[in-house]
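Hi everyone, thanks for coming. Today I'd like to walk you through one structure, step by step, so please have a look at the screen with me.

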Amino acid sequence: MQDIKEIVREKYGQAALRLSSGGSSCCGAAAALDGCCDPITSNLYDAGQTGSLPEAAVLASLGCGNPTALAELKPGETVLDLGSGGGIDVLLSAKRVGPTGKAYGLDMTDEMLALARENQRRAGATNVEFLKGTIESIPLPDNSVDVVISNCVINLSGDKDVVLREAFRVLRPGGRFAVSDVIVRGEVPADIRRSMELWVGCIAGALEEKEFAAKLRAAGFTDVEVEPWRVYKIDDARAFLTESGVDVDRLAPLVEDKFASAFIRARKAAAKSCCGPECCA
Ligand SMILES: C[S@@+](CC[C@H](N)C(=O)[O-])C[C@H]1O[C@@H](n2cnc3c(N)ncnc32)[C@H](O)[C@@H]1O
């Protein structure tokens, strides 16, 4: 667990430093390739959305989806972004919840927090706070958040059950979980899964889609949905895998359509209204 965290922290610390000095945002597969950008992190946001953000915040995007597009944020709500990186989803959320709402970003990597705070300053966002901490131990009280978002981070955790329990804990009754992440669809042999995960840039590993849903239910969530929206093709990963010494043509039938970016939605049930003396006790 600690090893995974240290490797992830180092990798994203370096990515943040590259970004701060105007370098490439690619830190997964595409970092090893010429010619940014990779099929995972590219074309995730509408120009209409990103147009209002500082360019540096948009370039710092390292996600695999757009959780703010599925979260239906309302003015006055409190949002928490798990693994907020350079802050793009926090800044977009802050605009949607407005001055009466609040957007928190949580990240464990100092260099990413520095980059995010600089992007916040550039954006002039006052309803934003970036917190240092881990998604396995969220530094916020119980029942304090309306919406938990996250973009390509839960796959990096070595203890996903704890992360999902923490997300459930901080959500208010009726609160929403709206996350983008890379998932695996069905069975994939372990060594092949590992090669693809290296391509995607995952360290700890993506969850199988049914397993993700089961873990959410086990953490207490209801209305769980896992919706793959960008399915990866072997040709997306061909150059990276070939460079890593993998026989891509042997791998192809086992990998094609098995890895995807997905929208993952769930809800913490609303508190039951009081119905009599016993349930009020
Ligand atoms: C793939 S980047 C995604 C960043 C951001 N969500 C985005 O869409 O641009 C992963 C981020 O999650 C952070 N991270 C990874 N594991 C974490 C953990 N266990 N606790 C807190 N932050 C973590 C990293 O420091 C990094 O900033």
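Let's begin with this: which space is the largest cavity? The answer is the space taken by the ligand. Before we go further, please keep in mind that this is a predicted model.

So who are the ligand's neighbours? A total of 23 residues surround the ligand. The closest are L62, G83, D107, T109 and E136. Sorted by character, the shell around the ligand has 10 nonpolar, nine polar and four charged residues. Which helix gives the largest share of that shell? Helix α1, which runs over residues 2–20, does, with three residues.

Now let's look at some individual contacts. In the side chain of D107, an N or O atom sits 2.6 Å from an oxygen atom of the ligand. E136 also uses its side chain: a polar atom there lies 3.0 Å from a nitrogen atom of the ligand. With M108, the backbone takes part, as one of its N or O atoms is 3.3 Å from a ligand nitrogen. And how much of the ligand does the protein bury? Taken alone, the ligand exposes 590 Å², and the protein buries 99% of that.

Next, let's visit helix α7, residues 160–170, which is where E166 lies. Is E166 buried or exposed? Its relative accessibility is 13%, and because that is under the 20% cut-off, E166 counts as buried. The side chain of E166 reaches the backbone nitrogen of I138 at a distance of 2.7 Å.

Please move now to the loop between β4 and α7, where you can find C152. Phi of C152 is near 65°, a positive value in a residue other than glycine. For those new to this, most residues other than glycine have a negative phi. C152 is buried, with a relative accessible area of 10%. D159 has its place in the loop between β4, residues 145–151, and α7 as well. Why does D159 count as partly exposed? Because its relative accessible area is 25%, which falls between the 20% limit for buried and the 50% limit for exposed. If you compare the C-alpha atoms of D159 and L70, they are 25 Å apart in space, and the two residues are 89 apart in sequence.

There is another positive phi to show you. E72 is a residue other than glycine, and its phi is near 45°. You will find E72 in the loop between α4, residues 67–70, and β1, residues 78–82. E72 counts as exposed, because its relative accessibility of 59% is over 50%.

Let's finish with the loop between α1 and α2, where α2 covers residues 47–50. One residue in that loop is G22, and another is Y45. G22 counts as exposed at 67% relative accessibility, whereas Y45 counts as buried at 15%. How far apart in space are G22 and E211? Their C-alpha atoms are 38 Å apart, with the two positions 189 residues apart in sequence numbering. For Y45 and E6, which are 39 residues apart along the chain, the C-alpha separation is 30 Å.

To come back to the start, the ligand's space is the largest cavity, and the protein buries 99% of the area that the ligand exposes on its own. Thanks for listening!

Key: Residues are numbered from 1 along each chain as its sequence is written. This is a predicted model: local features need pLDDT of at least 70, side-chain atom pairs count only at pLDDT 80 or more; totals for chains, interfaces and linings use all residues. Side-chain values use heavy atoms; hydrogens and water are left out. A residue is near a molecule or strand if one of its heavy atoms lies within 4 Å of it. A polar contact is a pair of N or O atoms within 3.5 Å; within protein, one must be able to donate a hydrogen and the other to accept it, and residues adjacent in sequence count only if both atoms are side-chain atoms. Accessible areas come from the Shrake-Rupley method with a 1.4 Å probe; for residues, only the protein chains shown count as cover. On a 1 Å grid over the protein atoms alone, a cavity is a set of points where a 1.4 Å probe fits but cannot get out, and a pocket is an open set with protein on both sides within 12 Å along at least five of seven lines; lining residues have an atom within 4 Å of a point. A molecule sits in a cavity or pocket if more than half of its atoms lie within 2 Å of its grid points. Helices (H or I, at least four residues) and strands (E, at least two) are DSSP runs, numbered from the N terminus. Ala, Val, Leu, Ile, Met, Phe, Trp, Tyr, Cys and Pro count as nonpolar, Asp, Glu, Lys and Arg as charged, and the others, Gly among them, as polar. Buried means under 20% relative accessible area, exposed over 50%, partly exposed in between (1.4 Å probe, protein chains only).
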